[in-house]
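Trainee: I'd like to learn how to read a helix and a single residue in a model. Can you walk me through an example?

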Amino acid sequence: NTLSEHYVSTNITDNIIKIGFSGNLCVLNTKPGYASAISVLIDSRNIPAIIGSIAGDNTILLILSEDYDRAKLVSELAVVMPSISSL
């Protein structure tokens, strides 16, 4: 159900507080307890630039392909995390 997916993702992903990049790594910082749920949403999108993800309590590490495009990745993440565009 697309409506419930959007509702869940908006409530969960509004808890992302920071995004940072270093080479082919992307780190998302969340409020405590949200990283795992957000990483499930990211993984379910099957974004080609993301090779894998690791989630802790308040941090998600995304391992990116070497040829990823940062702007394209952020726009693909914004599908389930609209607030990420403003970070």
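Mentor: Sure, let's start with helix 2, residues 35-44, where Ala35, Ile38, Ser39, Leu41 and Ile42 are buried. Buried means under 20% relative accessible area, exposed means over 50%, and partly exposed is in between, using a 1.4 Å probe and protein chains only. Helices are DSSP runs of H or I with at least four residues, strands are runs of E with at least two, and both are numbered from the N terminus.

Trainee: Where do the buried residues of helix 2 fall when seen down its axis?

Mentor: They fall within an arc of 155 degrees, so they line one face of the helix. That arc is taken from the directions from the helix axis to the C-beta atoms. The face turned away from the buried side carries the exposed residues Val40 and Ser44. This is a predicted model: local features need pLDDT of at least 70, side-chain atom pairs count only at pLDDT 80 or more, and totals for chains, interfaces and linings use all residues. Residues are numbered from 1 along each chain as its sequence is written, and side-chain values use heavy atoms, leaving out hydrogens and water.

Trainee: Is serine 65 buried or exposed?

Mentor: Serine 65 is buried, at a relative accessible area of 14%. You'll find serine 65 in the loop between strand 4 (59-64) and helix 3 (70-77).

Trainee: Which residues is serine 65 in contact with, leaving aside neighbours within four places in sequence?

Mentor: Contact means heavy atoms within 4.5 Å, and here the partners are Asn24, Ala49 and Ile51.
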